[in-house]
Amino acid sequence: MSGSAGVSQPSWQGSAASHPTSTKPARFALLLILLGLVLGFGWLIVQLLAYQPPRTHFVLVKTGPIDRLSAPPLPFERGTLGRLEVAAAGLRLAGDAVIETTLQEASQAIDRLRPEPSDVVLVYVHANGVSAAAKSGRLLTGAFGLSTPQEGAILVEDLVQAVANQPASAKVILFDAGRVAPDPRRGVLANRFASAVDAAVQSADDPSLFAITSHADQQVSGIGQAERCTPLGAAVATSLSGLATDFDGQADEISLADLGAFSLVSVAEASGGAQ
């Protein structure tokens, strides 16, 4: 009797039983991918909800009440501050921060700004500025007196440093402070205020800090007779109101480049190119 060797055939039942086991890693990987997508989408939603657009922190610094006659009066102070306050009201409506303060309290007010790193700090100073030397700029408050010249004077470098300390992306100080001509009776033999501002900015060593003065050394700012407002004040108010000529190709908003360029051009035109 002859026998034949049996041939083993794979069972369809064994193949079917092993199939679910082979697909488990693929399903697990798919679940991980889906979970990652859900978490990523949730993170994106949280970031969008938490996003705050950059804000402008505008600080309007006034001289304050004049207590002594030795402090030179500022021409068209009411008209200048009035136009700036109207522009500041527009900034408030846009959600920006606006602070009005006096010279005596300016540094403390600036320290309280708390800007975000993407924000912009813009400080406008309307006062009398003097400096006999290039590194001793002072801003005269209403308490300034001839008998005590140090009293009632704020150091430019202190104000500049207070602005430089703010963690904003850009900081600009505009000094409308050029109405004091060299006058020995006031102890001002030469006025190098613009150089003093430049020295204070250089000393702060902050590449995001900029300053603009309404005049050069030994010059006196124009008074804006026609507009009843200083030329620099009118230019800044126009820029903040969104009416400045576009200088950087972005017509939908006024940038710091627009404000700076428009202010410089406007002041030069108002002074016939002398400033």
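**Two sheets and the helices that cover them**

Start with helix 5, residues 193-204 of this predicted model. Helix 5 lies across two strands, strand 7 and strand 8. The angle between helix 5 and strand 8 is about 180 degrees.

Now look at the sheet those strands belong to. It is an open sheet of 5 strands. Read across it and the order is 2-1-3-7-8. The pairing is parallel. Which strands stand at the edges? They are strand 2 (97-102) and strand 8 (209-213). Each has a single partner strand, so one side of each has no neighbour in the sheet. From one strand to the next, the twist averages 15 degrees.

Next, find strand 1 and strand 3. Strand 3 covers residues 120-126. The two strands run parallel, and 7 bridges join them. One pair is easy to pick out. K62 has H126 in strand 3 as its bridge partner.

Stay on strand 1, which spans residues 56-62, and locate H57 there. Is H57 buried or exposed? H57 counts as buried because its relative accessibility is 3%, and the cut-off for buried is under 20%. Its surroundings can be listed. Leaving out residues up to four places away in sequence, H57 touches A97, L113, P115, D119, V120, V121 and L122. D119 deserves a second look. Its side chain makes a polar contact with the side chain of H57, at 3.0 Å.

Move on to the other sheet described here. This open sheet has 3 strands in the order 4-5-6. Here the pairing is antiparallel. Strand 4 (128-130) and strand 6 (153-155) stand at the edges. Each of these has a single partner strand, so one side of each is left without a neighbour in the sheet. Neighbouring strands are turned by 30 degrees against each other on average, with direction ignored.

Take strand 4 and strand 5 as the example pair. Strand 5 covers residues 138-140. The two strands run antiparallel, joined by 3 bridges. Within this pair, G129 stands opposite L139 of strand 5.

Finish with helix 4, residues 156-164. Helix 4 packs on the 3-strand sheet and touches strand 5 and strand 6. Its direction makes about 50 degrees with that of strand 6. What else does helix 4 lie across? The answer is strand 3, strand 7 (170-176) and strand 8. Against strand 7, helix 4 runs at about 155 degrees. Those three strands are part of the 5-strand sheet, so follow helix 4 on the model and you meet strands of both sheets.

Terms used: Residues are numbered from 1 along each chain as its sequence is written. This is a predicted model: local features need pLDDT of at least 70, side-chain atom pairs count only at pLDDT 80 or more; totals for chains, interfaces and linings use all residues. Side-chain values use heavy atoms; hydrogens and water are left out. Helices (H or I, at least four residues) and strands (E, at least two) are DSSP runs, numbered from the N terminus. Buried means under 20% relative accessible area, exposed over 50%, partly exposed in between (1.4 Å probe, protein chains only). A polar contact is a pair of N or O atoms within 3.5 Å; within protein, one must be able to donate a hydrogen and the other to accept it, and residues adjacent in sequence count only if both atoms are side-chain atoms. Contact means heavy atoms within 4.5 Å. Two strands pair if DSSP finds at least two bridges between them. Axes are lines fitted to C-alpha atoms, for helices over the stretch in contact, and angles run from 0 to 180 degrees between N-to-C directions.
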